[in-house]
Amino acid sequence: MEKLTNISLKPYNSFGIDVKARKMFIIKDIYELTDSFETAFASDKTWIILGGGSNILFTEDYNGNVIKIDFKGIQVLDITAEHVYIRANAGEEWDNFVNFCVENNLGGLENLSYIPGSAGASPIQNIGAYGVELKDFFHSLEAMEIATGTIKRFKKAECNFGYRTSVFKTALKNKYVICSVIFKLDLNHKINRGYKAIDEYLTQNKINSPAIGDIRKAIIHIRKSKLPDPKYLGNAGSFFKNPVISKKCFKELKNKFPNIPAFNDKKGYIKIPAGWLIEQTGWKGYRKGNVGVYDKQALVIVNHGSANGGEVLGLANMIKQSVYEKFGIKLEPEVNIIKS
Ligand SMILES: Cc1cc2nc3c(=O)[nH]c(=O)nc-3n(C[C@H](O)[C@H](O)[C@H](O)COP(=O)(O)OP(=O)(O)OC[C@H]3O[C@@H](n4cnc5c(N)ncnc54)[C@H](O)[C@@H]3O)c2cc1C
């Protein structure tokens with residue numbers, strides 16, 4: 001285990017916010033995690049588990065222990081006539097894992113290509129993109145209970161997956177460290193090309209019978225064209241969740257705003273793209289000093305240089321306020337906002 005003190009977290013968060021942490025533990029395997037349990041968790045009341053730092057906003061110096069989960073590895077556990085059970089250790093880079101699956105012709109996760117972050121964080125908000133959510137191919141996970149240091153297996157039903165949420169973001173928030181995640185992937189996978197942009201890419205490239213590798217290429221191409229690369233422009237992807245409202249509220253809004261886009265959600269509910277709401281309130285492309293709203297996607301707040309977390313949060317709050325004033329909808333952040 002690597003121990004660092006008084007360290008800048010700038011390289012460890014995709015927003016590129018330059019805050020300091022009092023201590024940081026970089027944990028390289030599961031035994032280090034269970035062995036260091038006392039030092040890392042019990043020695044300080046304040047701690048945070050960190051993966052790739054791509055869904056986090058630090059708003060001030062972190063006056064506690066940062067525990068970075070960095071144990072990597074991918075193992076095929078079982079192969080049946082139709083499925084493969086495969087495990088990713090928590091510190092494995094998510095997209096590296098997806099690439100491994102695609103290269104080995106294991107279908108399911110290709111629509112989730114190029115999402116930054118670690119495999120261990122992927123169940124926390126049930127990552128999703130292009131018509132697929134993690135839960136669709138999730139089998140189970142192993143996690144260490146922080147109070148006792150014991151390892152527990154969670155089956156899918158116990159994870160309470162929902163839109164950008166799970167039990168680890170709600171009732172069990174900060175109670176477990178996810179150590180590894182097991183997926184059940186298809187050997188005869190049915191490709192999901194339902195998104196217009198995927199279909200357009202395939203048509204333009206004259207791909208009539210796409211393989212999962214073609215879908216991965218399409219997704220990477222689309223994502224690169226729409227989203228800023230945190231290496232060059234700090235961000236954490238979508239800052240807000242898409243709000244889900246009742247059909248009754250939607251009818252009222254539709255009378256006032258006939259062009260409002262909408263998608264069916266669970267029975268009786270409608271999901272509205274938050275990016276559209278933000279665009280309608282005039283924020284797309286906004287910039288003041290070091291913070292702004294990405295000019296190609298209004299849902300992404302960006303750090304143009306040396307913004308601090310307070311500035312990012314301040315902009316997020318102004319956006320939230322104007323969306324509320326215009327549409328009566330309260331946006332909720334998707335990003336985890338950290339105060340120590
Ligand atoms: C450019 C860009 C595009 C993005 N696109 C998408 C997208 O399409 N869909 C999507 O869903 N998300 C997207 N995201 C958000 C982000 O990539 C995901 O949420 C990702 O799963 C975060 O992983 P991470 O390892 O970086 O987590 P971190 O940011 O390090 O942590 C996120 C949360 O999980 C907790 N955590 C991390 N690891 C563990 C662990 N092992 N055990 C317990 N808790 C843990 C942390 O304490 C924190 O609360 C995007 C982000 C960026 C920057």
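**Exercise 1. Two backbone outliers**

Lys206 sits in the loop between H4 and H5. The model is predicted. Work out the phi sign and the burial class of Lys206, then do likewise for Arg164.

*Solution.*
- Step 1. Read phi for Lys206. The angle is positive, about 55°, although the residue is not a glycine.
- Step 2. Take its cover. Lys206 has 72% relative accessibility. The cut-off for exposed is over 50%, so Lys206 counts as exposed.
- Step 3. Turn to Arg164. This residue lies in the loop between strand S11 (151-155) and strand S12 (176-186).
- Step 4. Read its phi. The value is near 50°, again positive in a residue other than glycine.
- Step 5. Take its cover. Arg164 has 14% relative accessibility. Buried means under 20%, so Arg164 counts as buried.

**Exercise 2. The chain as a whole**

Describe the secondary structure, the compactness and the surface of the chain.

*Solution.*
- Step 1. Count the elements. The chain has 8 helices and 19 strands.
- Step 2. Test compactness. The radius of gyration is 20 Å, and the globule rule gives 20 Å for 340 residues, so the chain is as compact as a globular protein of that length.
- Step 3. Add the outline. Along the principal axes, the C-alpha atoms fill a box of roughly 60 × 50 × 35 Å.
- Step 4. Look inside. Of the 340 residues, 51% are buried.
- Step 5. Check the sequence range of contacts. Take those between residues at least 6 apart in sequence: 60% of them join residues at least 24 apart.
- Step 6. Look outside. The exposed area is about 16,500 Å², with 48% of it supplied by carbon and sulfur atoms.

**Exercise 3. Charges and salt bridges**

Give the charge count of the chain, then place the pairs Glu200–Lys196 and Glu332–Lys241 in the fold.

*Solution.*
- Step 1. Count charges. There are 47 positive and 35 negative side chains. The centres of the two sets lie 7 Å apart.
- Step 2. Recall the principle. Side chains of opposite charge can pair when their charged atoms come close. The structure holds 14 salt bridges.
- Step 3. Take the helix pair. Glu200 and Lys196 form a salt bridge at 3.8 Å, N to O. Both belong to helix H4 (residues 196-204); they are 4 residues apart, so about one helical turn separates them.
- Step 4. Add the cover of this pair. Glu200 is partly exposed at 39%. Lys196 is exposed at 64%.
- Step 5. Take the other pair. Glu332 and Lys241 form a salt bridge at 3.7 Å, N to O. This bridge links distant parts of the chain, 91 residues apart. Glu332 is in the loop between helix H8 (309-327) and strand S19 (336-338). Lys241 is in the loop between helix H5 (212-226) and strand S13 (244-246).
- Step 6. Add the cover here too. Glu332 is partly exposed, with a relative accessible area of 48%. Lys241 is buried, at 16%.

**Exercise 4. A network**

Which residues are joined into one network by salt bridges that share partners?

*Solution.*
- Step 1. Name the members. They are Lys28, Asp70 and Lys72.
- Step 2. Give one of the bridges. Asp70 pairs with Lys72, with the closest N and O atoms 3.3 Å apart.
- Step 3. Class the acid. Asp70 has 14% relative accessibility, so it counts as buried.

**Exercise 5. Two residues and their surroundings**

Is Val98 buried or exposed, and what is in contact with Val98 and with His304?

*Solution.*
- Step 1. Locate Val98. It is in helix H3 (residues 94-103).
- Step 2. Class it. At 0% relative accessibility, Val98 is buried.
- Step 3. List its contacts, skipping neighbours within four places in sequence. They are Leu109, Glu110, Leu112, Ser113 and Arg216.
- Step 4. Check one spacing. Val98 and Glu110 are 12 residues apart along the chain, and their C-alpha atoms are separated by 6.4 Å.
- Step 5. Locate His304. It lies in the loop between strand S18 (301-303) and H8. At 30% relative accessibility, His304 is partly exposed.
- Step 6. List its contacts under the four-place exclusion. They are Leu233, Arg287, Gly289, Asn290, Val291 and Gly292.
- Step 7. Check one spacing here as well. The C-alpha atoms of His304 and Asn126 are separated by 28 Å, with the residues 178 apart along the chain.

How values were computed
Residues are numbered from 1 along each chain as its sequence is written. This is a predicted model: local features need pLDDT of at least 70, side-chain atom pairs count only at pLDDT 80 or more; totals for chains, interfaces and linings use all residues. Side-chain values use heavy atoms; hydrogens and water are left out. The radius of gyration is taken over C-alpha atoms; the globule rule is 2.2 Å times the number of residues to the power 0.38. Buried means under 20% relative accessible area, exposed over 50%, partly exposed in between (1.4 Å probe, protein chains only). Contact means heavy atoms within 4.5 Å. Accessible areas come from the Shrake-Rupley method with a 1.4 Å probe; for residues, only the protein chains shown count as cover. Lys and Arg count as positive and Asp and Glu as negative; His and the chain ends are not counted. The place of a charge is taken as NZ of Lys, CZ of Arg, CG of Asp or CD of Glu. A salt bridge is a side-chain nitrogen of Lys or Arg within 4 Å of a carboxyl oxygen of Asp or Glu.
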